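Here is a short briefing on one protein model. Look over the sequence and the structure first, then read the points below.

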Amino acid sequence: MKIQMLPREKVFRDPIHNYIHVQHKVILDLINTKEFQRLRRIKQLGTSSFTFQGAEHSRFTHCMGVYEITRQICDNFQRNYPSKESGDGLWNDDERIVALCAALLHDLGHGPYSHTFEHIFDTDHEMWTQKIITSPETEINQILKQVSDDFPEKVASVIDHTYPNPQVVQMISSQIDADRMDYLLRDAYFTGTKYGMFDLTRILRVMRPYNKGIAFDNDGMHAVEDYVLCRFQMYQQIYFHPVSRGMEVVLTKLLQRAKDLYEHNQMNGFEMPSLLVPFFTGNVSINDYLSLDDGILNTYFTLWQNYPDEILKDLAYRFLSRKPFKSAQYNSDTKEKLPELADLVESAGFDKDYYTAINTSFDLPYDIYNPRQHKRKTQIEIMQDDGSLIELSTISRLVNALTGKISGDERFYFPKSMIVEHSNDIFSDHYRAFKGHIHNDMIV
Ligand code: ZN
């Protein structure tokens, strides 16, 4: 491996970490690739900026932040827990460069409005991240290859959790990792909310390597506990906000309509969205994938406002002009009413396939290791003074209250005009009846 240092450290100013320190030439070269620079043009939070107007920050800034937190963890491990012989469970600083590269590149495969886009076009950002890293045609791959021939595969294996050193894998991906720590702080800052403000400095201070991964010192238990609660609050208050989801539903239906029109040859004769055609046909090259960003999609939406198709036109207008669908929470008792409500939306002149939707948002705030689960969680381990490990929820009553419990809600979405006073009395009556079944009757 050839690891070249920069003649002088380079710093990037950042509102969350103040300075982001770059010391290795490979990191600076990776930042300067076209694939990494593309992340400047993709918003970190997608439709959340329609609810929290400050949330315009990009995936680029988040990736830089995850890199910086990882760098600080490596520094701290090297200062306080350097390995003396192989297999002693302490930190081997030869692992630093693979950890830093994986941290920087972990979100490389995100597309515009990621989750919505992935859902409609059946793509997967983690798969694309690995593909961009390992395909010889990308600038990223060529830079990584300069370290060693097998280095791109090593970095990709950290991202798919198969890298042999669990300390490196858990730094980037676990229930308390550099990725989550950066996005909670960054999203809290840019949304202007305070729920995500846990004590990062303290957590980094109490983090330590051991032979199976990363643990936390006993006296840092409360800082870790606070992080778990912050994450829970951010999901409930920011990520699951019903209005952002109302915009996500509009976007989903808009992309769905475009895809359906293409499949039925109804776009012929009008300007073809050529950068989206590979996604409509399911035949996507790396170059096609990397050509997309938020700006490209928004440009197509602007053009679609002048298409002859009424549904495409209307949904594009709703998305660009922030006209979210309204929603009502439902539960297992009221679920059976949904087809009836959808029919009423249809009888008011809306195509129910494009103007009604079910949207569910659920998260598991924290979970213990369960070998039977499909996606196994690495539990948070607290190291006692005698060196033994205790799983966090067994000593924190607060975390215990959240452990293994899925939280979130299920909502039915429909156009706002359905509940505007006098606009549609039949719907309003049924809607009131529907609402009568909901104990916590929130319309948002
Ligand atoms: Zn991330």
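Two strands pair if DSSP finds at least two bridges between them. This is a predicted model. Its N-terminal strands come first below, then a zinc site, then the internal spaces.

**Strands β1 and β2**
- Strand β1 covers residues 5-14, and strand β2 covers residues 18-24.
- The two strands run antiparallel and are joined by 6 bridges.
- β1 and β2 form a hairpin, with 3 residues between them.
- One bridge partnership is that of Arg-13 with Tyr-19 in β2.
- β2 is mostly covered, with 5 of its 7 residues buried.
- In a regular strand, side chains alternate between the two faces of the sheet.

**Zinc site**
- Which protein residues donate to the zinc ion? They are His-62, His-106, Asp-107 and Asp-179.
- Both histidines bind through NE2, and both aspartates through OD.
- The donors lie 2.1 to 2.3 Å from the zinc ion.
- The spacing of the donor residues in sequence is H-x43-H-D-x71-D.
- His-62 and Asp-107 link distant parts of the chain, 45 residues apart.
- His-62 sits in helix α3 (residues 59-80). Asp-107 sits in the loop between α4 (96-105) and α5 (114-121).
- His-62 and Asp-107 are both buried.
- The angles among the 4 donor atoms run from 82 to 175°, and the site is irregular.
- Why is the site not tetrahedral? Four donors count as tetrahedral if all angles lie between 85 and 135 degrees. The angles here span 82 to 175°, so the zinc site falls outside that range.

**Largest cavity**
- How many cavities of 30 Å³ or more does a search of the whole structure find? The search finds 1.
- The largest cavity has a volume of about 80 Å³.
- Its lining includes Gln-170, Ser-174, Gln-175 and Ile-176. Met-207, Ile-214 and Phe-216 also line the cavity.
- Thr-378, Gln-379, Ile-380 and Glu-381 are among the lining residues too.
- By class, the lining of the largest cavity divides into 5 nonpolar, 5 polar and 1 charged.

**Second largest pocket**
- This pocket has a volume of about 220 Å³.
- The second largest pocket is lined by 15 residues.
- Nearest its centre lie Gly-87, Gly-89, Leu-90, Asn-165 and Gln-167.
- The lining of the second largest pocket has 4 nonpolar, 8 polar and 3 charged residues.

Key
Residues are numbered from 1 along each chain as its sequence is written. This is a predicted model: local features need pLDDT of at least 70, side-chain atom pairs count only at pLDDT 80 or more; totals for chains, interfaces and linings use all residues. Side-chain values use heavy atoms; hydrogens and water are left out. Donors are N, O and S atoms within 2.8 Å of the metal (3.2 Å for Na, K and Ca); water is not among the atoms, so sites may look incomplete. Four donors count as tetrahedral if all angles lie between 85 and 135 degrees; four count as square planar and six as octahedral if opposite donors are over 155 degrees apart and all others between 65 and 115; anything else is irregular. Helices (H or I, at least four residues) and strands (E, at least two) are DSSP runs, numbered from the N terminus. Buried means under 20% relative accessible area, exposed over 50%, partly exposed in between (1.4 Å probe, protein chains only). On a 1 Å grid over the protein atoms alone, a cavity is a set of points where a 1.4 Å probe fits but cannot get out, and a pocket is an open set with protein on both sides within 12 Å along at least five of seven lines; lining residues have an atom within 4 Å of a point. Grid points are joined across faces, edges and corners, and a volume is the space filled by probe spheres set on the points. Ala, Val, Leu, Ile, Met, Phe, Trp, Tyr, Cys and Pro count as nonpolar, Asp, Glu, Lys and Arg as charged, and the others, Gly among them, as polar.
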